[in-house]
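Please work through the following exercises with the sequence and the structure side by side, and try each task before reading its solution.

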Amino acid sequence: MSGAKARVLPQPNVPDPLAVAPKRWAILGTGWIASKFVEALQASTAQQVVAVGSRTLDRAQQFADQYGIAHAYGSYEELVASDVDAVYVATGHLDHVAHASLAIEAGKPVLVEKPMAPRLADVERLVELARSRNVFAMEAVWTLALPRFSVVRQVLESGLLGEIVEVHANLGERLVDHHRAMDPAQGGGVMNDIGSYTLMFANEIIPGLEVRAAHGRRQVVPGVSAPGAVGEFHALLGDAQDRLATVSASMLADTPTTAYIAGTEATLVLDAPFYQPGPVEVRFHDGEVLRWHEEPLAHTQLFWEALEVARCLDAGLTESPLRPLDRTVQTIALLERARELMGDPLDVV
């Protein structure tokens with residue numbers, strides 16, 4: 001039909017990982033995600049991990065020895081004062097603001113693990129600090145830097161789906177035996193650990209969403225009288241045009257962990273796990289299906305967010321267009337509002 005949009009999926013608009021000019025990275029924290037981040041950078045990019053810091057020199061040195069990192073520091077203050085181009089903050093949820101602030105005050109660009117902080121007021125304070133110091137800061141939502149999501153963004157921009165009607169995202173992984181993830185005192189619970197992915201996804205597709213209803217369920221620990229962390233939640237969101245999004249996340253059970261974006265012309269489907277590398281499928285009302293294929297390479301692809309930081313620094317940017325600080329604030333506001341509607345505003349204390 002004359003004037004009809006061509007039915008073809010775009011290719012990812014991403015750089016050659018080895019062609020991005022290397023930056024000297026410092027790793028603040030030595031946990032599981034820090035290890036995966038370093039492994040990804042060393043395996044697939046020219047980025048240089050040159051320093052690591054921990055609360056003790058022994059732990060920092062062990063990490064440095066394991067990954068061939070030149071400098072190990074027994075305090076975060078020493079780390080951020082070292083000669084590096086960027087700092088990756090990979091400590092616990094409740095420590096992100098303090099540790100990112102250390103780096104920013106030292107004039108070091110930061111990539112801060114998600115969520116940037118569980119509390120909205122803390123995120124707003126960190127954003128204000130970064131902007132006042134004119135220092136680059138970005139929340140480490142690696143999903144948005146992946147080739148898969150470059151395809152998604154281009155599909156949305158092309159209008160191939162028509163008008164967006166509905167968005168859905170689900171993420172579930174049984175983590176009831178994971179002490180840190182289920183400990184409210186450490187910022188554990190489904191809202192921070194995995195729920196932020198679902199709310200982030202919904203708000204990326206339909207900016208300006210508000211939480212209209214939310215319900216959560218706590219994980220009861222046998223023999224312990226204190227309330228456990230919220231292990232599962234469901235939320236309904238809507239915007240001023242009454243476009244709807246439904247999101248859910250669980251650490252009590254393994255769930256499909258898929259997502260879709262439904263439009264008037266077609267529906268885009270992301271197979272599990274939707275927030276990691278994988279294929280993109282667009283299904284049209286007449287039965288035609290377009291598919292872009294990508295192997296499910298999981299956390300080996302964490303390096304894409306580091307490349308985005310390097311690209312922004314080379315361009316003289318203080319925020320990433322893939323994850324502007326205002327969008328981070330919006331997601332954390334949704335998390336906080338969902339907690340309020342669940343009658344649990346102090347889920348993280």
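**Exercise 1.** State what volume the largest cavity of this predicted model has, and which residues line the largest cavity.

*Solution.* Begin with the count, which comes to one cavity of 30 Å³ or more. The volume of the largest cavity is about 50 Å³. Next, collect the residues around this space: K114, E139, V141, S196, Y197, M200, R323 and T331 form the lining. Sorting the lining by class gives three nonpolar, two polar and three charged residues. Finally, assign the lining to elements, where helix 7 (residues 190-205) gives the most, with three residues.

**Exercise 2.** Describe the largest pocket and the second largest pocket by volume, by the residues closest to the centre and by the class of the lining.

*Solution.* Take the largest pocket to start with, which has a volume of about 870 Å³ and is lined by 30 residues, with W32, I33, H93, R180 and D193 lying nearest its centre. Helix 1 and helix 7 are the elements that give two or more residues to this lining, and the largest share, three residues, comes from helix 7. By class, the lining of the largest pocket holds 13 nonpolar, 10 polar and seven charged residues.

Turn then to the second largest pocket, in which about 380 Å³ of space lies; 20 residues line it, and R153, L156, E204, I205 and R327 are the closest to its centre. Helix 6 (147-158) and helix 7 each supply at least two residues of this lining, with helix 6 giving the most, five residues. The classes here are 13 nonpolar, two polar and five charged residues.

**Exercise 3.** Explain why helix 1 and helix 8 are described as roughly perpendicular to each other, and say which residues meet.

*Solution.* The axes of helix 1 (residues 32-44) and helix 8 (residues 303-314) are 8 Å apart, and the two helices pack at an angle of about 75°. Angles of 65 to 115 degrees count as roughly perpendicular, and therefore helix 1 and helix 8 are given that description. At the contact, F37, A40, L41 and S44 of helix 1 meet F303, E305 and A306 of helix 8. These contact residues divide into five nonpolar, one polar and one charged.

**Exercise 4.** Work out which strands stand at the edges of the open sheet of six strands.

*Solution.* Write down the order, 3-2-1-4-5-6, with parallel pairing. Strand 3 (71-73) and strand 6 (137-140) each have a single partner strand, so one side of each is left without a neighbour in the sheet. To check one edge, note that three bridges join strand 2 (residues 48-53) to strand 3, and that G53 has Y73 in strand 3 as its bridge partner.

Technical notes: Residues are numbered from 1 along each chain as its sequence is written. This is a predicted model: local features need pLDDT of at least 70, side-chain atom pairs count only at pLDDT 80 or more; totals for chains, interfaces and linings use all residues. Side-chain values use heavy atoms; hydrogens and water are left out. Axes are lines fitted to C-alpha atoms, for helices over the stretch in contact, and angles run from 0 to 180 degrees between N-to-C directions. Helices (H or I, at least four residues) and strands (E, at least two) are DSSP runs, numbered from the N terminus. Angles under 35 degrees count as roughly parallel, over 145 as roughly antiparallel, 65 to 115 as roughly perpendicular and the rest as oblique. Contact means heavy atoms within 4.5 Å. Ala, Val, Leu, Ile, Met, Phe, Trp, Tyr, Cys and Pro count as nonpolar, Asp, Glu, Lys and Arg as charged, and the others, Gly among them, as polar. Two strands pair if DSSP finds at least two bridges between them. On a 1 Å grid over the protein atoms alone, a cavity is a set of points where a 1.4 Å probe fits but cannot get out, and a pocket is an open set with protein on both sides within 12 Å along at least five of seven lines; lining residues have an atom within 4 Å of a point. Grid points are joined across faces, edges and corners, and a volume is the space filled by probe spheres set on the points.
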